[in-house]
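Welcome! Below are a few short exercises, each with a worked solution. Have a look at the structure, then try each task before reading on.

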Amino acid sequence: MEKERTFVMIKPDAVQRGLIGEIISRFERRGIKIVAMKMLKVDRDLAEKHYAVHRGKPFFEPTVRYITSSPVVAMVLEGYRVIEMVRKMVGKTDPQDAEPGTIRGDLAQFIGRNLVHASDSKETADFEINLWFSKDELCDYKRIDEDWLTE
Ligand code: CMP
């Protein structure tokens, strides 16, 4: 079974609202493996690189300010078709459009405070994992439930 990896950032509003555990436990309960994780205060350089595709858009500056305002938790998640699965669990970018049952649909209300970021494609995931983590921060290991999650 081919495994994918994706990048997820628990944003400053989620950290400030005490939602780190709630968000991580949703991924864990789904059977998704955490292969890297760290808390950090994001500097402007990293924020601008992360959101480089949005440079020039009206929300670029406010988003960079938001992401650099307080610590975030960055992680790499691994699993079968995990990129699409995590995007579905996170919900639409604007929490007003996000379905109940998703992280944003259950816990957020405003696009500029949408709690979490998740890579939207394989290419983006590779870029973001590489931007946020060094190779030696990624842990290769087998979780005890892996044989029971897929065939
Ligand atoms: P994220 O999934 O991290 O990708 C881009 C981020 O920019 C988005 O979540 C929001 O945090 C922020 N943002 C603010 N306003 C908008 C907007 N109008 N469209 C898209 N993203 C926005």
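Please keep in mind that this is a predicted model.

**Exercise 1. Place I10 and describe its surroundings.**

Step 1. Start with the element: I10 lies in strand β1.

Step 2. Next, decide whether I10 is buried or exposed. Its relative accessible area is 0%, and buried means under 20%, so I10 is buried.

Step 3. Now list the neighbours. Leaving out residues up to four places away in sequence, I10 touches V15, I20, I23, I24, V72, V73, M75 and L115.

Step 4. Finally, compare sequence and space for one pair: I10 and S134 are separated by 124 residues in sequence, and their C-alpha atoms are 19 Å apart.

**Exercise 2. Find which residues of helix α2 are buried, and what covers them.**

Step 1. Helix α2 spans residues 20–30, and its buried residues are I23, I24, R26 and F27.

Step 2. Why do these residues sit on the same side of α2? Because they cover an arc of only 150 degrees around the axis.

Step 3. A general rule helps here: an α-helix has 3.6 residues a turn, so residues three or four places apart point the same way.

Step 4. Look for the cover. Among the elements over the buried residues of α2 are β1 (4–10), α1 (12–16), β2 (33–40), β3 (72–79), α5 (82–90) and α6 (103–107).

Step 5. Move past the end of the helix: G31 follows α2 and has a positive phi, near 95 degrees.

**Exercise 3. Describe how α2 packs against α5.**

Step 1. Take the geometry: the two helices α2 and α5 pack at about 135 degrees, and their axes are 12 Å apart.

Step 2. Name the arrangement: that angle makes α2 oblique to α5.

Step 3. Give the handedness: the crossing of α2 past α5 is right-handed.

Step 4. Identify the residues. On α2 the contact is made by R26, F27 and R30, and on α5 by M85, V86, M89 and V90.

Step 5. Sort them by class: the contact of α2 with α5 has five nonpolar residues, two charged ones and no polar ones.

**Exercise 4. Examine the phi angles of R81 and L115.**

Step 1. Recall the background: most residues other than glycine have a negative phi.

Step 2. R81 is not a glycine, yet its phi is positive, about 50 degrees. R81 is in the loop between β3 and α5, and it counts as partly exposed because its relative accessibility is 48%.

Step 3. L115, also not a glycine, has a positive phi of about 70 degrees. L115 is in the loop between α6 and β4 (116–118), and it is buried, with a relative accessible area of 0%.

Methods. Residues numbered from 1 in each chain as written. Predicted model: local features only at pLDDT ≥ 70, side-chain atom pairs only at ≥ 80, totals over all residues. Heavy atoms only, no water. Buried < 20%, exposed > 50% of the residue type's maximum accessible area, 1.4 Å probe, protein only. Helix = DSSP H or I, 4+ residues; strand = E, 2+ residues; numbered from the N terminus. Arc of directions from axis to C-beta. Contact = heavy atoms within 4.5 Å. Axes fitted to C-alpha atoms, helices over the stretch in contact; angles between N-to-C directions. Parallel < 35°, antiparallel > 145°, perpendicular 65-115°, else oblique. Left-handed = near helix turned anticlockwise from the far one by under 90°. Nonpolar A, V, L, I, M, F, W, Y, C, P; charged D, E, K, R; others polar.
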